[in-house]
Amino acid sequence: MSRAFYKSIVFTGLGCMVHAAYSAAEWRHYSRNSELHYMMIPVDIVIQTILSLLLTMLGVLFIAGDFKEIRATEELEGQSWETLKNRPSFYTFCHRGRSFSPFYTPPGGLSPPTGGAISAGGSADAAKNITDIPARFMS
């Protein structure tokens with residue numbers, strides 16, 4: 001059967017459950033006003049609640065699709081030792097190691113200043129290597 005059919009089963013079950021909840025609230029209000037505190041909820045409301053719950057669960061089971069195996073061994077049997085620790089979601093490509101590459105250009109498309117070129121400040125600077133240690137740290 002189609003998914004639309006099972007979706008309609010879910011909505012029907014939810015509608016019946018809302019109706020059962022409203023009936024239970026209405027009965028509780030009636031029992032408090034008539035001082036029948038010792039009486040239980042009528043059987044028809046209990047049956048309607050249980051049937052609507054089962055109907056909703058049945059619809060959700062068929063909408064959800066295939067379930068995965070809980071045991072991890074079922075999923076890991078097809079993997080080799082080389083690919084067992086391969087986790088692509090942990091790959092990081094935006095790290096500072098790229099700035100040590102001789103082909104690195106800073107963000108914004110500007111190339112690093114070369115000897116004799118005019119920088120953004122308007123003065124001529126010597127070529128500066130990004131991996132050079134500043135003079136203030138040298139003793």
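# An all-helix model, seen through α1 and α2

Histidine 37 is exposed, with a relative accessible area of 60%. That residue sits in the loop between α1 and α2, and those two helices are the main topic here. One thing to keep in mind throughout: this is a predicted model. The protein has four helices and zero strands, so to speak of its fold is to speak of helices.

**Overall picture**

- Running from the N terminus, the elements go α-α-α-α.
- The protein has 139 residues, and 9% of them count as buried.
- Its accessible surface adds up to about 12,400 Å², with 64% of that belonging to carbon and sulfur atoms.
- Take the contacts between residues at least 6 apart in sequence: 54% of them join residues at least 24 apart.

**Helix α1**

- α1 covers residues 3-33, and with 31 residues it reaches 45 Å from its first C-alpha to its last.
- That reach is close to the 45 Å expected at 1.5 Å a residue.
- The buried residues here are Tyr6, Ile9, Val10, Gly13, Ala20, Ser23, Trp27 and Ser31.
- What do they pack against? The buried residues of α1 pack against α2.

**The link between α1 and α2**

- Glutamate 35 follows α1, and its phi is positive, near 55 degrees.
- Histidine 37, in the loop between the two helices, touches Ser31 and Arg32 once residues up to four places away in sequence are set aside.
- Ser31 is also on the list of buried residues of α1, whereas histidine 37 itself is exposed.

**Helix α2: the buried face**

- α2 takes in residues 43-64; at 1.5 Å a residue, its 22 residues should span 32 Å, and the end C-alpha atoms are indeed 32 Å apart.
- Ile45, Ser52, Thr56 and Gly59 are the residues to look at here, since they are buried in α2.
- Looking down the axis of α2, the buried residues fall within an arc of 65 degrees, so they line one face of the helix.
- As general background, an α-helix has 3.6 residues a turn, so residues three or four places apart point the same way.
- The buried residues of α2 pack against α1.
- Serine 52, in helix α2, is a handy example: its relative accessibility is 2%, and because buried means under 20%, it counts as buried.
- Which residues does serine 52 touch, not counting those up to four places away in sequence? They are Gly13, Cys16 and Met17.
- Of these contacts, Gly13 is itself among the buried residues of α1.

**Helix α2: the exposed side**

- On the other side of α2, Val43 and Leu51 are exposed.
- Why does leucine 51 count as exposed? Its relative accessible area is 52%, and the cut-off for exposed is over 50%.
- Leucine 51 also belongs to a nonpolar patch on the surface, along with Ile41, Val43, Val46, Ile47, Ile50, Leu53, Leu54 and Met57.
- Together the patch residues have about 810 Å² of accessible area.

**Where α2 ends**

- Glycine 65 comes after α2, and its phi is positive, near 90 degrees.
- Glutamate 35, which follows α1, has a positive phi as well, near 55 degrees.

Key. Residues are numbered from 1 along each chain as its sequence is written. This is a predicted model: local features need pLDDT of at least 70, side-chain atom pairs count only at pLDDT 80 or more; totals for chains, interfaces and linings use all residues. Side-chain values use heavy atoms; hydrogens and water are left out. Patches are made of residues with over 30% relative accessible area and no salt bridge: like charges are joined within 9 Å, nonpolar side chains (Val, Leu, Ile, Met, Phe, Trp, Tyr) within 5 Å. Accessible areas come from the Shrake-Rupley method with a 1.4 Å probe; for residues, only the protein chains shown count as cover. A salt bridge is a side-chain nitrogen of Lys or Arg within 4 Å of a carboxyl oxygen of Asp or Glu. Buried means under 20% relative accessible area, exposed over 50%, partly exposed in between (1.4 Å probe, protein chains only). The expected span of a helix is 1.5 Å times one less than its number of residues. The arc is that of the directions from the helix axis to the C-beta atoms. Contact means heavy atoms within 4.5 Å.
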